[in-house]
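I opened this notebook to keep track of what I looked up in one structure. The entries are short and follow the order of my searches.

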Amino acid sequence: MLSNRVIGAEPAIALLSHLQSAVPEGKLKSFTDREIEIFRTVFLTRSISAAGLRLNLSQPSVSRILGEFERKFGCDLFIRKSRGVKPTREAKVFFQEVERRLEVMTSLQEAAVQIVNKERGALLVGANIGLSVSLVPRVLRDMGIAQKSISVKVHTRSSVKVIEYVRAGLIDVGLASSEHQPDGVTMLHDFVMPFFALIPRCHDLADDQSGLELSELAGANIVAPSNDVAEMLRVRRIGQKSSVSLMADTFPSAIATAEAIDAVSIVDGFMAHSFTQKRDFIARPILDMAGLRQLVIVPIASRQSMIAADFIDNLQRNIDHTLSWVAASRPSF
């Protein structure tokens with residue numbers, strides 16, 4: 001089960017005494033730590049429901065406490081919309097004051113904790129199943145996790161769920177596929193990964209390792225890794241049994257099924273790179289099939305731990321290495 005914690009800030013304990021200049025005298029005295037914390041979280045997430053998820057509170061509780069906070073403050077701080085909230089000018093000014101004082105309170109403490117902990121601590125990573133099988137294990141290996149006192153939890157979820165968890169601050173780093181840039185997260189990396197035909201070496205199509213077009217797969221048995229890809233193949237009548245495509249929910253299951261029946265599976269570049277290193281496959285880039293947009297995201301305004309920073313650095317190196325392999329396999333990439 002995911003731990004509910006505020007990423008990037010300590011709870012607003014002892015913050016009140018540092019905020020005396022933020023609002024007029026007399027109004028701040030009745031503010032509680034919880035109200036300040038809820039105000040800040042709603043401001044960052046732009047959503048009452050997401051703030052509740054991050055703080056382990058129900059949406060009605062967040063709305064009630066936020067309403068009381070606004071009453072004490074003396075004006076509306078958020079404009080309620082059908083999807084989320086929009087901060088008012090007063091909220092933006094007050095948020096800057098909160099962040100400025102919170103930065104002073106936490107920066108030295110966090111620096112001391114990181115220096116003492118060095119390579120100890122925890123890391124929460126979220127990834128869709130393809131990346132959790134192909135990319136994340138390589139990154140953890142390169143970090144030398146086995147030799148460090150680091151607790152790592154990899155949450156394998158759909159890309160939609162990964163984005164949702166990052167937005168709520170429930171994981172440190174998220175890897176997801178999305179055609180659109182998601183709101184409420186900080187994007188560290190954005191790239192397109194092309195698709196490959198992963199072919200058993202005993203297959204006729206394995207004689208050539210150059211790029212191919214989908215029409216060349218028209219007579220092949222194909223295992224499609226997702227409903228979207230399967231539907232595209234069906235519409236274009238690609239595959240020997242295009243009217244009854246053999247589908248698998250995940251890339252790994254598509255590969256395993258294809259291997260068992262000497263069929264071709266359609267995979268992204270990460271899976272192609274990973275499985276050609278370890279198994280008896282060749283990977284041929286599909287030249288006329290749009291690639292998959294991949295994102296590396298973190299929570300907004302998160303204070304990145306040394307462990308997360310190390311993971312992100314190694315992640316970047318592995319992504320660059322795979323993209324170089326893709327470029328060598330597909331010169332037009």
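The entries below go from the whole chain to single residues.

**Entry 1: the whole chain**

I note at the start that this is a predicted model. I looked up the secondary structure and found eleven helices and twelve strands in the protein chain. The chain has 333 residues, and 49% of them are buried. I then took the contacts with a separation of 6 or more, and 73% of them are between residues 24 or more positions apart.

**Entry 2: cysteines**

How many disulfides does a search of the whole structure find? I got zero. I also looked up two cysteines for their accessibility. Cysteine 75 is partly exposed, at a relative accessible area of 25%. Cysteine 202 is exposed, at 58%.

**Entry 3: nonpolar cores**

I looked up the largest nonpolar core, which has 55 residues. Those with the most contacts inside this core are Leu175, Leu217, Ile266, Ile286 and Phe311. Which helix gives the most to this core? I found helix α11, residues 306-329, with eight residues. There is also a second, separate core of 22 residues, and I noted Ala51, Leu55, Ile65 and Phe69 among them.

I went back to leucine 175 and listed what it touches, leaving out residues up to four places away in sequence. The list is Val125, Gly126, Ala127, Asn128, Leu131, Leu135, Val136, Val162, Leu295 and Leu315.

**Entry 4: cavities**

I counted two cavities of 30 Å³ or more. I followed up the second largest cavity, which holds about 30 Å³ of space. Its lining consists of Leu131, Leu135, Leu175, Phe191, Phe270, Gln294, Leu295 and Val296. Leu175 is thus a lining residue here, and Leu175 is also one of the residues with the most contacts inside the largest nonpolar core. Leu131, Leu135 and Leu295 in this lining are among the residues that leucine 175 touches.

Strand β12, residues 292-299, gives the most to this lining, with three residues. I sorted the lining by residue type and got seven nonpolar, one polar and no charged.

**Entry 5: helix α2**

Is helix α2 largely enclosed or largely open? Six of its eight residues, in the run 48-55, are buried, so the helix is largely enclosed by the rest of the structure. The buried ones are Ile48, Ala50, Ala51, Gly52, Arg54 and Leu55. Ala51 and Leu55 are also in the second core.

I then looked up what covers these buried residues. The cover includes the helices α1 (33-45), α3 (59-73) and α7 (159-167). It also includes the strands β1 (78-80), β2 (85-87) and β12.

I checked the residues beside this helix as well. Arginine 46 lies in the loop between α1 and α2. Its phi is near 60°, a positive value in a residue other than glycine. Arginine 46 counts as partly exposed, at 35% relative accessibility. Asparagine 56 follows α2, and its phi is also positive, near 60°.

**Entry 6: threonine 322**

I found threonine 322 in helix α11. Buried or exposed? Threonine 322 has a relative accessible area of 0%, and buried means under 20%, so this residue is buried. Its contacts, leaving aside neighbours within four places in sequence, are Arg138, Met193, Gly269, Phe270 and His273. Phe270 is also in the lining of the second largest cavity.

**Entry 7: two loops**

The first loop runs between α9 (251-260) and β10 (264-268), and isoleucine 261 is in this loop. Isoleucine 261 is partly exposed, with a relative accessible area of 44%. Its C-alpha atom is 8.7 Å from that of asparagine 221, and the two residues are 40 residues apart along the chain. Aspartate 262 is in the loop between α9 and β10 too. Aspartate 262 is not a glycine but has a positive phi of about 55°. It is partly exposed, at 43%.

The second loop is between α7 and β5 (173-177), and here I looked up aspartate 172. Aspartate 172 is buried, with a relative accessible area of 13%. Which residue is 125 residues apart from aspartate 172 in sequence but 8.7 Å apart in space? I found isoleucine 297, taking the distance C-alpha to C-alpha.

How values were computed: Residues numbered from 1 in each chain as written. Predicted model: local features only at pLDDT ≥ 70, side-chain atom pairs only at ≥ 80, totals over all residues. Heavy atoms only, no water. Disulfide = S-S within 2.5 Å. Buried < 20%, exposed > 50% of the residue type's maximum accessible area, 1.4 Å probe, protein only. 1 Å grid on protein atoms, 1.4 Å probe; cavity = no way out; pocket = protein on both sides within 12 Å on 5 of 7 lines; lining within 4 Å. Points joined across faces, edges and corners; volume = space filled by probe spheres on them. Helix = DSSP H or I, 4+ residues; strand = E, 2+ residues; numbered from the N terminus. Nonpolar A, V, L, I, M, F, W, Y, C, P; charged D, E, K, R; others polar. Core = buried A, V, L, I, M, F, W, Y, C linked by side-chain atoms within 4.5 Å. Contact = heavy atoms within 4.5 Å.
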